[in-house]
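This report describes the architecture of one chain and the surroundings of its ligand. The sequence and the structure come first, and the description follows.

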Amino acid sequence: MTPALEIVSLSRRFGGLLAIDDVSFSIARGGLSALIGPNGAGKTTLFNAITNIFPPTSGEVRFMGQSLAGIAGDKLARLGLVRTFQTARVFPGMTVLENALAGACLRARSNAVAQMLRLPSARAEERKLREQASALLDLIGLSAFRDAAATDLPMGAQKNLEVVRALMADPAMLLLDEPAAGLNDSETADLAALLTAIRDCGVTIMVVEHNMSLVMGIADQVVVLDAGRLVAAGAPADIQRDARVIEAYVGGSV
Ligand SMILES: Nc1ncnc2c1ncn2[C@@H]1O[C@H](COP(=O)(O)OP(=O)(O)O)[C@@H](O)[C@H]1O
Ligand SMILES: [Mg+2]
């Protein structure tokens, strides 16, 4: 089977800085991969290159076998590739539930007209989406806050809400940039449970994560970047023993 994601000789330059330097790896469908590396390694830049926020300077990204050249934003979501950002971006002026439901408008199957006219099929669809949003909020421990303003949630809960909103788009693959940063232990446990549950539903996940016990506990593949270069990619147990990985982290932030 074609991999979910193929990164082929990818580079991204910012002026004199080669932030991603000839990186190649692939992510199998249905896997949960962790992307790790010291601060400034290029993890966010890699996500930005994949999603064409800062397109690759050279190289190629293929998603489910298709080149992503020139494809960005909602178009990516409609292909099934959805990302979150390192800083939580919930929609202000909307409740927790409304934020979750907002993700559903990125679904591949668009029935905007039926929704606008509120045809019976659209009402049934809306009920289904509300049920799905409620179930996801429950799984991440946010159901008690469903009618609260999203911006009133603690930052950790806002980050988890962003993951729920991304999931409501019904993605084939999720790119999550440091979803656990700033989460307390119980929020982190809720996130780990949610990630493994959605992986078990067949969603491919790639997550930037610094918490090594979380990474080793849930990931089946680990990709290591340092100074824009690929240091290693493999099973968590092999990565933990890899001398180059240990070296990349000496004096690092992890
Ligand atoms: N938009 C940008 N303009 C200029 N330099 C950038 C930009 N985005 C990232 N960089 C640089 O690229 C390098 C990698 O950054 P980043 O991808 O954010 O690292 P990480 O997410 O691994 O901490 C850093 O040196 C950063 O300063
Ligand atoms: Mg980053």
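In this predicted model, helix α5 (residues 120-139) packs against helix α6 (residues 155-168) at an angle of about 145°, and their axes are 10 Å apart. The crossing of α5 past α6 is right-handed. On the α5 side the contact is made by Gln132, Ala133, Leu136 and Leu137, which meet Val164, Leu167 and Met168 of α6. By class, the residues of this contact comprise six nonpolar, one polar and no charged.

**The mixed sheet**

An open sheet of six strands has the order β6-β7-β8-β3-β9-β10, and its pairing is mixed. Its edges are β6 and β10 (229-234), each of which has a single partner strand, so one side of each lacks a neighbour in the sheet. From one strand to the next, the twist averages 15°.

Three of the strand pairings in this sheet are set out below, with a pair of opposing residues for each.

| Strand pair | Sense and bridges | Opposing residues |
|---|---|---|
| β6 (residues 81-83) and β7 | parallel, three bridges | Valine 82 and leucine 174 |
| β7 and β8 (residues 204-208) | parallel, five bridges | Leucine 175 and methionine 206 |
| β9 (residues 221-226) and β10 | antiparallel, five bridges | Valine 223 and alanine 233 |

Two helices that pack on this sheet may be described next. Helix α1 touches β3 (32-36), β6, β7, β8 and β9, and its direction makes about 145° with that of β7. Helix α7 (residues 185-200) also packs on the sheet, where it touches β3 and β8; the direction of α7 makes about 150° with that of β8.

Strand β7 (residues 173-177) is mostly covered, with five of its five residues buried. The burial extends to both faces of β7: Met173, Leu175 and Asp177 lie on one side, and Leu174 and Leu176 on the other.

**The antiparallel sheet**

A further open sheet contains four strands in the order β2-β1-β4-β5, with antiparallel pairing. Here β2 and β5 (66-67) stand at the edges with a single partner strand each, and therefore one side of each is without a neighbour in the sheet. Strand β1 (residues 5-14) is joined to β2 by seven bridges in the antiparallel sense. One residue pair in this ladder is isoleucine 7 and its bridge partner in β2, phenylalanine 25. Helix α1 lies across β1, β2 and β4 (58-63), and runs at about 70° to β2.

**Helix α1 and the ligand**

Helix α1 thus packs on the six-stranded sheet through contacts with strands that include β7, and also lies across strands that include β1. How much of α1 is buried? Seven of its eight residues are buried, so α1 is largely enclosed by the rest of the structure. These buried residues are Lys43, Thr45, Leu46, Phe47, Asn48, Ala49 and Ile50. Just after the helix, asparagine 52 adopts a positive phi of about 60°.

Which residues surround ligand 1? The shell consists of Phe14, Leu17, Ala19, Gly37, Asn39, Gly40, Ala41, Gly42, Lys43, Thr44, Thr45 and Phe54. Two or more residues of this shell are contributed by each of β2 (17-27) and α1 (43-50). The largest share, three residues, comes from α1. Divided by class, the shell around ligand 1 holds five nonpolar, six polar and one charged residues. Lys43 and Thr45 appear both in this shell and among the buried residues of α1.

**Two individual positions**

Leucine 76 and glycine 217 each lie in a helix, and their burial may be considered in turn. Leucine 76 belongs to helix α2 (residues 74-79). This residue counts as buried because it has 21 C-beta neighbours inside 10 Å, where 20 or more are required. Leaving aside residues up to four places away in sequence, leucine 76 touches Thr51, Ile71 and Leu81. The C-alpha atoms of leucine 76 and methionine 168 are separated by 15 Å, and these residues are 92 residues apart along the chain.

Glycine 217 is located in helix α8 (residues 212-218). It counts as exposed because it has 11 C-beta neighbours inside 10 Å, and a residue is exposed with 12 or fewer. A distance of 19 Å separates the C-alpha atoms of glycine 217 and glycine 182, which are 35 residues apart along the chain.

How values were computed: Residues are numbered from 1 along each chain as its sequence is written. Chains are lettered from A and ligands numbered from 1 in the order in which they are written. This is a predicted model: local features need pLDDT of at least 70, side-chain atom pairs count only at pLDDT 80 or more; totals for chains, interfaces and linings use all residues. A residue is near a molecule or strand if its C-beta atom, placed from the backbone, lies within 6 Å of it. Ala, Val, Leu, Ile, Met, Phe, Trp, Tyr, Cys and Pro count as nonpolar, Asp, Glu, Lys and Arg as charged, and the others, Gly among them, as polar. Axes are lines fitted to C-alpha atoms, for helices over the stretch in contact, and angles run from 0 to 180 degrees between N-to-C directions. A crossing is left-handed if the near helix is turned anticlockwise from the far one by less than a right angle, and right-handed if clockwise. Two residues are in contact if their C-beta atoms, placed from the backbone, lie within 7 Å. Two strands pair if DSSP finds at least two bridges between them.
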